[in-house]
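User: Hi! I have a structure open and would like to walk through it with you. Can we start at the beginning of the chain?

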Amino acid sequence: MHILVTRRLTLRPPIAFDAEDIALWLSNRAVARMLARVPFPYAQADAEEWIAGLADDPDAMVYTIHRQRLIGIVSIEGAGPEPELGYWLAEPWHGRGFVSEAARALIGHAFATRDIAAVRSSAFVDNPASQRVQQKLGFSVCGGGNAWSVPRNEMVAIVKTRLTRAAFEGNAHVRPAAHAA
């Protein structure tokens with residue numbers, strides 16, 4: 001199991017034991033409504049099925065975020081030269097920079113271990129916190145559009161962003177602050 005350690009967090013691939021905490025945090029409407037693909041309400045069986053399904057995607061880099069306990073997920077998924085960053089954080093830990101710290105570590109790991117040119121992401125227009133995370137990491141806005149939100153059961157306006165390897169490596173405040181354990 002590959003583990004990333006930052007100043008305040010430990011990141012590791014999900015295991016079956018994590019399903020209970022994942023279901024607990026994603027059953028919070030405030031968290032789920034900012035995501036595109038998770039069902040709502042979110043049950044432990046959903047988490048168990050998602051964890052089991054990760055083995056089917058060899059390109060996925062999915063990590064749980066831990067600070068004494070599981071508090072969120074950060075991932076880079078998709079094949080090709082520009083996979084997509086995704087993340088969520090349990091509501092009690094919002095606003096403390098944990099997502100930025102976890103995503104910075106994972107992006108650094110992805111650029112160091114994979115032949116990718118950039119990482120893409122997006123955020124709902126009504127999610128300024130997620131947009132700030134991407135901005136802090138050095139992502140640039142590259143478009144907009146709409147995406148279906150399963151928890152909201154509607155189309156939602158999104159901002160699309162992109163972070164090149166050169167921009168990440170050239171930006172001192174976003175360089176990886178993690179090491180592999």
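**A walk through the model**

Analyst: Happy to! Met-1 sits in the segment before β1 (4-5). Keep in mind that this is a predicted model.

User: Is Met-1 buried or exposed?

Analyst: Met-1 is exposed, because its relative accessible area is 63% and the cut-off for exposed is over 50%.

User: And what does Met-1 touch, apart from its neighbours within four places in sequence?

Analyst: Met-1 is in contact with Arg-12, Pro-13 and Ile-15, once those neighbours are set aside. You can also look at Pro-14: 13 residues separate it from Met-1 in sequence, and the two C-alpha atoms are 9.7 Å apart.

User: Which residues form a nonpolar patch on the surface with Met-1?

Analyst: Ile-15 and Phe-17 join Met-1 in that patch, and together the three have about 370 Å² of accessible area. Phe-17 belongs to the loop between β2 (10-12) and α1 (19-26). Phe-17 counts as exposed because its relative accessibility is 71%.

User: Let's move to α1. How many of its residues are buried?

Analyst: Six of the eight residues in α1 are buried, so this helix is mostly covered. They are Ala-19, Asp-21, Ile-22, Ala-23, Trp-25 and Leu-26.

User: What covers the buried residues of α1?

Analyst: The cover includes α2 (29-32), α3 (44-53), β4 (69-77) and β5 (84-89).

User: Which residues have the most contacts inside the largest nonpolar core?

Analyst: That core has 47 residues, and those with the most contacts inside it are Ile-22, Leu-26, Val-74, Ile-76, Leu-85, Trp-88 and Ile-107. At least two core residues come from each of α1, α2, α3, β3 (61-67), β4, β5, α4 and α5 (128-137). The largest share is from α4, with eight residues. As background, nonpolar side chains tend to be buried together in soluble globular proteins.

User: What does Leu-26 touch, not counting residues up to four places away in sequence?

Analyst: Leu-26 touches Val-31, Ala-32, Leu-35, Val-38, Phe-40, Tyr-42 and Trp-88.

User: You mentioned α4. How many residues does that helix have?

Analyst: Helix α4 (residues 98-113) has 16 residues, and it reaches 23 Å from first C-alpha to last, close to the 22 Å expected. It is mostly covered, with 14 of its 16 residues buried.

User: New topic: how many salt bridges are found in the whole structure?

Analyst: The search finds nine salt bridges. In one of them, the side chains of Arg-8 and Glu-101 meet at 2.6 Å, N to O. Arg-8 is in the loop between β1 and β2 while Glu-101 is in helix α4, so this pair ties together parts that are 93 residues apart in sequence.

User: Are those two buried or exposed?

Analyst: Arg-8 is partly exposed, at 24% relative accessible area, while Glu-101 is buried, at 8%.

User: Which residue forms a salt bridge with Arg-12?

Analyst: Asp-18 does, and the closest N and O atoms are 2.7 Å apart. Both Arg-12 and Asp-18 are buried.

User: What about Arg-165 and Glu-169? Where do they lie?

Analyst: Both lie in helix α6 (residues 165-170), four residues apart, which is about one turn of the helix. Their salt bridge has its closest N and O atoms 3.8 Å apart. Arg-165 is partly exposed at 22% relative accessibility, and Glu-169 is partly exposed at 44%.

User: And which residues do salt bridges with shared partners join into one network?

Analyst: Arg-33, Asp-126 and Arg-152 are joined that way. Arg-152 is in the loop between β7 (140-149) and β8 (154-164), and it is buried, with a relative accessible area of 15%.

Technical notes: Residues numbered from 1 in each chain as written. Predicted model: local features only at pLDDT ≥ 70, side-chain atom pairs only at ≥ 80, totals over all residues. Heavy atoms only, no water. Buried < 20%, exposed > 50% of the residue type's maximum accessible area, 1.4 Å probe, protein only. Contact = heavy atoms within 4.5 Å. Patch = residues over 30% accessible without salt bridge, like charges linked within 9 Å, V, L, I, M, F, W, Y side chains within 5 Å. Areas by Shrake-Rupley, 256 points an atom, 1.4 Å probe, with all protein chains shown as cover. Salt bridge = Lys/Arg side-chain N within 4 Å of Asp/Glu carboxyl O. Expected span 1.5 Å × (residues − 1). Core = buried A, V, L, I, M, F, W, Y, C linked by side-chain atoms within 4.5 Å.
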